[in-house]
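Here are my notes for your review, set out as numbered points. Please read them beside the coordinates.

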Amino acid sequence: MQHDRNDGSADETAPLLSRRQLIGAAGALSLIAGTARAQHAMHEHGAVSHTAGMSPTMGIVPEAEVPAMDQVLVEPEVRRSVGGVLSTTLRCAYAYRRIGGVRLYVRSYEGGSPGPTLRMKPGETLRIKLINDLPPNRDGLPADISHPHQFNNTNFHFHGAHASPSGIADNVMRSMAPGHSYNIEIALPADHTSGTYWYHPHHHGSADIQMSSGMVGALIVEGDFAGVPEITSARERLMVLTQVVFDDNGMVEDFETLFPETATRFLAINGQRRPVIEMRPGEVQRWRILNAAYQDDMLLDLEKHDLHAIAYDGIQLGAVQPLKQLLIAPGQRADILVKAGAPGTYAFNAAPYDQGHPSPVGPLARVVVSGAPMEMKLPAALPTPPLASIKDSEITNRRKVVLSATAPEADAAGHWQEFSFFIDGKKFDPGRIDQRVKLGAVEEWTIVNTHEHDDHVFHIHTNPFQVVSVNGKALPTPEWRDSVIVERKGGEVVFRSRFLDFTGVFMLHCHMMNHEEMGMMQTVEVYKA
Ligand SMILES: [Cu+2]
C-alpha cells in the first residue's frame, strides 16, 4: 500500500547505536552558556543517563522532585551547525517527564520536550540520523488510513523550510519504522529566509499522537535583522507553546486522549507549566514564539504590555506591528519584541478565543520585572522584507481549495469517529495527486472553509505564500506566511505563491492535527513541464 511505502533507495537502516555511544554523542554537542540553561541541561542529561541505565522492565526510578510551577523559564539544549553542516542524532523514544505536578510517560525526542533547538544559517545543510527507538507497533494498517494508527512509525518535517521535499530531504512520505535508524539531509538555499522555524513528525496516522506527546522542537535559521541594533542587542528567548494532554496513566496512547475539545489539561512553555520570565524595567527582549500545540489557536495576552511583532512564520515584516494581543494558530510562529514596564509581576495568559470551539485558556507564564532599570528602545523602522511582493502581472494560474467537515448530530456523543474532515470533498489519499503545479508557476489560491463549526489552519510545505485578502477584504500590507487561519462558515483566504525552485510531492493540510490525522490533507506535485 502506498501509505507505507518506503523510499528504500534513500533510507538507510543502520545498526542502532549503543546507549553509551548515544550519550557520548549528546555530550559532545555544544551546550549554550548561562547558569539556568546549564543547570537545565545537566538535569536533562541526568535524566537521560538515568533512564538509559535501567532496563525497560524496571519499575521504580528515584527522581528529584520538580516544583510544579513558577520555576525560571529554561530553554532546550542548542545544537549548532559547524562548517556549514548541522550534524546530529535525534532519538525517538519513550521517556518520563515531570511537568506541572504530574509525571508523564510519553514518546519524546532525546528524552525531553521540546526536543533540542537546532540552529543553522541559510545555505547550510541539516544532517540528522533519526533513531527510532520506539517499540514495535501492535496494530496493522486500518481499512481507512485516516483512522489514527501505528503510533510508533515516525518521520521528520522541517516546518517552513524552502527545501526539496524529495528523497531524504524534507520528505514526509517517508516511513521510519521502530527499531531502525534513518538519515535525513536537508539543504537550505543560500537565500533562505532567516527566522523561527520548527520540526515535528509528519507520518500520517501517528503525527498527532506524537506531537501531542511533546515531539516538537525549534529550528532557528540565523541572521535576520543583523543591521538593527535594537533587535540584535535584545536578549532572545525561545518559547515553545504546547497543549499538555495525558490519560489516567500519564500517557498518550489513544486518540480519545486528544480529540475532545476539552482534552487540554494545561498549557506549557518549553515543557514547563507557568514558568517565570525575568526582565528588568525598560528592558527589550525578543521572544521567538512557536505555537507547537497539536490542535488549538491561542490568543496571547501580556498584562499591561503591548507586543511588537517583527516577523511571522520565520519571515521578517517590513514594519513593527504593535499588538494588544497576539492570535497564534498551531504551526505559526511570531517573533515579538516586549519592552518591560514598571517593576511588578505580570500575567502572560492564553485569553478566551472562539475558534468554533473555545481555544484553551490559562496562564502560560508570569513575567517578573525587577532590578536596575535599562534604557532600551524599540526599533523605529525595519529593513526591507526578504521576499518581494507578488504582482498581479506575475500570476500564471488560479485555483481554489475547499475545507469542509461533517460533525455528529446534536444527540450524538461527539466521539472523534463521528466526525469527518475533507479537502475538496475527499479524505487524504497518499496515492493520489490532488494539486499539480508546473515548476515556475506563480499562482493565486483561494482557500474556503465551508465547515459550520470550526476554523481551520491552512498550511502548505516547501513554498511560503503571501496572503493578499481575508474574508473578501484586501490586507493593507500583504503578509508572508506558511500557515493561516481560515474562519468557519465560509471564511476565505486568498494568497499568492511562487513555485520556482523545487519539484516533487509535498503536502497541504490543516495544522489542527486532529483534523489532519483524520484526513484533512492533500498532496501537491510540482512537476517540470
Ligand atoms: Cu482543521
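1. In which strand is the place of Cys510? The model is a predicted one, and in it Cys510 belongs to strand β30, which covers residues 504-510. With a relative accessibility of 1%, Cys510 is buried, because the cut-off for that class is under 20%.

2. Cys510 is also a ligand of the metal: its SG atom coordinates the copper ion together with ND1 of His456 and ND1 of His515, at 2.0 Å. Written along the sequence, the spacing of these donor residues is H-x53-C-x4-H. His515 counts as buried as well, at 2% relative accessibility.

3. The surroundings of Cys510 can be described from its contacts. When neighbours within four places in sequence are set aside, Cys510 touches His456, Val457, His515, Glu516 and Met520, and two of these names, His456 and His515, also appear among the copper donors. The C-alpha atom of Cys510 lies 9.8 Å from that of Asp455, although 55 residues separate the two along the chain.

4. Strand β30 is part of an open sheet of 5 strands with mixed pairing, in the order β23-β31-β30-β25-β28. At the edges stand β23 (435-438) and β28 (483-486), and since each has a single partner strand, one side of each is left without a neighbour in the sheet. From one strand to the next the twist averages 25°. Between β30 and strand β31 (residues 521-527), which run antiparallel, there are 6 bridges, and Phe506 has Val524 in β31 as its bridge partner.

5. Another open sheet, of 6 strands, also has mixed pairing, and its order is β22-β21-β24-β29-β26-β27. Its edge strands are β22 (420-423) and β27 (473-481), each of which pairs on one side only, and the twist from one strand to the next averages 20°.

6. At the β22 edge, strand β21 (residues 397-406) runs antiparallel to β22 and is joined to it by 4 bridges; Ser404 has Phe422 as its bridge partner in β22. In a regular strand, side chains alternate between the two faces of the sheet. In β22 both faces are covered, with Ser420 and Phe422 buried on one side and Phe421 and Ile423 buried on the other. Phe421 is also a member of an aromatic cluster, which it forms with Phe255, Phe259, Trp416 and Phe419.

7. At the other edge, strand β26 (residues 465-470) and β27 run antiparallel and are joined by 5 bridges, and the partner of Phe465 in β27 is Arg481. The loop between β26 and β27 holds Asn471, a residue other than glycine whose phi is nevertheless positive, near 50°. At 39% relative accessibility, Asn471 counts as partly exposed.

8. A search of the whole structure gives 16 aromatic pairs. One of them is formed by Phe465 and Phe495, whose ring centres are 4.2 Å apart and whose planes make an angle of 25°, so the pair is stacked. This pair links distant parts of the chain, since Phe465 is in strand β26 and Phe495 is in strand β29 (residues 491-499), 30 residues apart. Phe465 counts as buried at 0% relative accessibility, and Phe495 counts as buried at 1%.

9. Two backbone details deserve a look in the viewer. The peptide bond joining Ser113 and Pro114 is cis, with omega about 0°, and Pro114 is found in the loop between β3 (102-109) and β4 (117-120). Phe225, a residue other than glycine, has a positive phi near 55°; Phe225 is found in the loop between β9 (217-221) and α4 (229-232), and with a relative accessible area of 2% this residue is buried.

10. For the chain as a whole, there are 5 helices and 31 strands, and of the 529 residues 57% count as buried. Among contacts with a separation of 6 or more, residues 24 or more positions apart account for 77%. The chain exposes about 20,600 Å², of which carbon and sulfur atoms supply 52%.

Note on methods: Residues numbered from 1 in each chain as written. Predicted model: local features only at pLDDT ≥ 70, side-chain atom pairs only at ≥ 80, totals over all residues. Heavy atoms only, no water. Donors = N, O, S within 2.8 Å, 3.2 Å for Na, K, Ca; no water. Buried < 20%, exposed > 50% of the residue type's maximum accessible area, 1.4 Å probe, protein only. Pairing = 2+ DSSP bridges. Helix = DSSP H or I, 4+ residues; strand = E, 2+ residues; numbered from the N terminus. Axes fitted to C-alpha atoms, helices over the stretch in contact; angles between N-to-C directions. Contact = heavy atoms within 4.5 Å. Areas by Shrake-Rupley, 256 points an atom, 1.4 Å probe, with all protein chains shown as cover. Phe/Tyr/Trp six-rings, centres within 6.5 Å; stacked < 30°, edge-to-face > 60°.
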